[in-house]
Structure formats: C-alpha cells, structure tokens
Amino acid sequence: MNATNPVLPPGYSAVPPGHVATIVTSLEMSSRPPLRAAQPFPPGFALEPLERTIAAYRKLYRTVGTDWLWFSRLVMADEKLQEILDNAEVEFLVLRKDGRDVGILELDFSKPGECELAFFGLAAEAVGTGIGRTLMNDAIARAWARPIKRFWVHTCTLDHPAALDFYRRSGFVPYAFQVEVFADPRLTGILPRDCSRHVPLLG
C-alpha cells in the first residue's frame, strides 16, 4: 500500500465521467499454509512456461483478463513490459487445455524476501471447474519454495465475485483497502465496449 495516496473523506466521492472506481483489497501470508484438497491437473491440462514475448503475453492477458477489465499491461509501454518479461526474478506460466490458453500465473520475486502473486486467473471456460484450486496450490508451492517471508496479492471488486473469498480460503489475510479510479478502458478503445457486462458502461 502506498502511504502517499490521498485518504478519501467519509461519505460519497464523485467519480469523473468516463471513469470506473473499484475497491482494492490487499492480502498477504507470512508462512506457507496447509494446501487445500485439489485435483491434479486433469488429462489435457498442462502448466507451462510462457514464451517471454509481448505478443504471447498480451494474448494470454486478454484471454484471461478482458472479462474483468484488466488493462494495465495493455497500455504499458512495450519497452517497460519487455523489461518485466526479461526479468529472471519473475515467473510467467500459462495453463493450457488441449493446447488452448486458459489460465495465467505470474509470480514476482523481484523484492528480496517477498513474492507477489502479480496475476492469477482463468479464462471463462475454466472457471468453476475446480482447476483454480489446483493452480493456486501450485502457486503457493512455487512461492514458498523460495526463501521468502511474505507472499501477497491484491484483488478488487471488478474481479470474479468469488475471488476475495478464494484468496482468503487459500491462506491470504486482508491487510489494506484502497479505492482505484481509472479511465474506463472500454471507452478509450483498449477493451471491447461489450465486455465486463457486470460493470455498467457510463459514457
């Protein structure tokens, strides 16, 4: 959490026209939790290293994140994104089903002693299959295989409604709330206007 961010006053705060607001919850764990029961990856599923190219990364990012208004890595300058992709302290994995991309797992070990679960998610066809628990168990095992003292993640109210509870059941504990306001990427042309129907399009 950035301590320099302004604190909102009690009550309602106006959101600028053409923008979206979301409540962000940051969560962390300070030791490896017991893993919850999960199926192994079924036949046809494989978790593999992602090709570290902008094209491969953004394709996967869109596949998983469009329904949830993920946009930050789409507007990031190519040079900055390639710098992240070239960072040996960041792991990029893609979950594939019969050769199709259906999940993303990105673990950032750049800060000594910590791991950020930078991106974690499933494409629509894999949501509700139970494979998310399998993927999370793999993420936890990979994170705590390193000499870390903290594993953390953030989620928001634009994500799948079960996301926050899923992270808590996985062993993460909430420690901070923030409100993020940003230009609606559906109005700026970054994402399709008809995506994320759970978020009203105003403008």
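This is a short tour of one sheet, two helices that pack on it, and a patch on the surface. The model is predicted.

**Stop 1: the whole sheet**

Show the strands as a cartoon. You are looking at an open sheet of 7 strands. Trace the order 2-3-4-5-6-1-7. The pairing is mixed. Now find the two edges. They are strand 2 (45-49) and strand 7 (173-183). Each of these edge strands pairs on one side only. Turn the view to follow the twist, which averages 25° from one strand to the next.

**Stop 2: strands 4 and 5**

Select residues 100-108, which make up strand 4, and residues 114-122, which make up strand 5. The two run antiparallel, and 6 bridges join them. Pick Leu 105. Which residue of strand 5 stands opposite Leu 105? Phe 120 does.

**Stop 3: the helices on the sheet**

Select residues 54-65. This is helix 1, and it packs on the sheet. Helix 1 touches strand 3 (90-97), strand 4 and strand 5. Its direction makes about 105° with that of strand 4.

Next, select residues 131-144 for helix 4. Helix 4 packs on the sheet too. Its contacts are with strand 1 (19-29), strand 2, strand 3, strand 4, strand 5 and strand 6 (150-156). The direction of helix 4 makes about 165° with that of strand 5.

**Stop 4: strand 6**

Keep strand 6 selected and look to either side. Strand 5 pairs with strand 6 in the parallel sense, over 3 bridges. In this pairing, Glu 116 stands opposite Trp 152 of strand 6. Strand 1 pairs with strand 6 in the antiparallel sense, over 6 bridges. Here, Ser 26 has His 154 of strand 6 as its bridge partner.

Why is strand 6 described as largely enclosed by the rest of the structure? Because 6 of its 7 residues are buried. Buried means under 20% relative accessible area.

**Stop 5: the surface patch**

Switch on the surface. Select Leu 8, Val 15, Ile 23, Phe 177, Val 179 and Val 181. Together they form a nonpolar patch with about 540 Å² of accessible area. Which strand gives the most to the nonpolar patch? Strand 7 does, with 3 residues.

End on Val 15. Look for Val 15 in the segment before strand 1. Its relative accessible area is 36%, so Val 15 is partly exposed. That label covers values between the buried limit of 20% and the exposed limit of 50%.

Terms used: Residues are numbered from 1 along each chain as its sequence is written. This is a predicted model: local features need pLDDT of at least 70, side-chain atom pairs count only at pLDDT 80 or more; totals for chains, interfaces and linings use all residues. Side-chain values use heavy atoms; hydrogens and water are left out. Two strands pair if DSSP finds at least two bridges between them. Helices (H or I, at least four residues) and strands (E, at least two) are DSSP runs, numbered from the N terminus. Axes are lines fitted to C-alpha atoms, for helices over the stretch in contact, and angles run from 0 to 180 degrees between N-to-C directions. Contact means heavy atoms within 4.5 Å. Patches are made of residues with over 30% relative accessible area and no salt bridge: like charges are joined within 9 Å, nonpolar side chains (Val, Leu, Ile, Met, Phe, Trp, Tyr) within 5 Å. Accessible areas come from the Shrake-Rupley method with a 1.4 Å probe; for residues, only the protein chains shown count as cover. A salt bridge is a side-chain nitrogen of Lys or Arg within 4 Å of a carboxyl oxygen of Asp or Glu. Buried means under 20% relative accessible area, exposed over 50%, partly exposed in between (1.4 Å probe, protein chains only).
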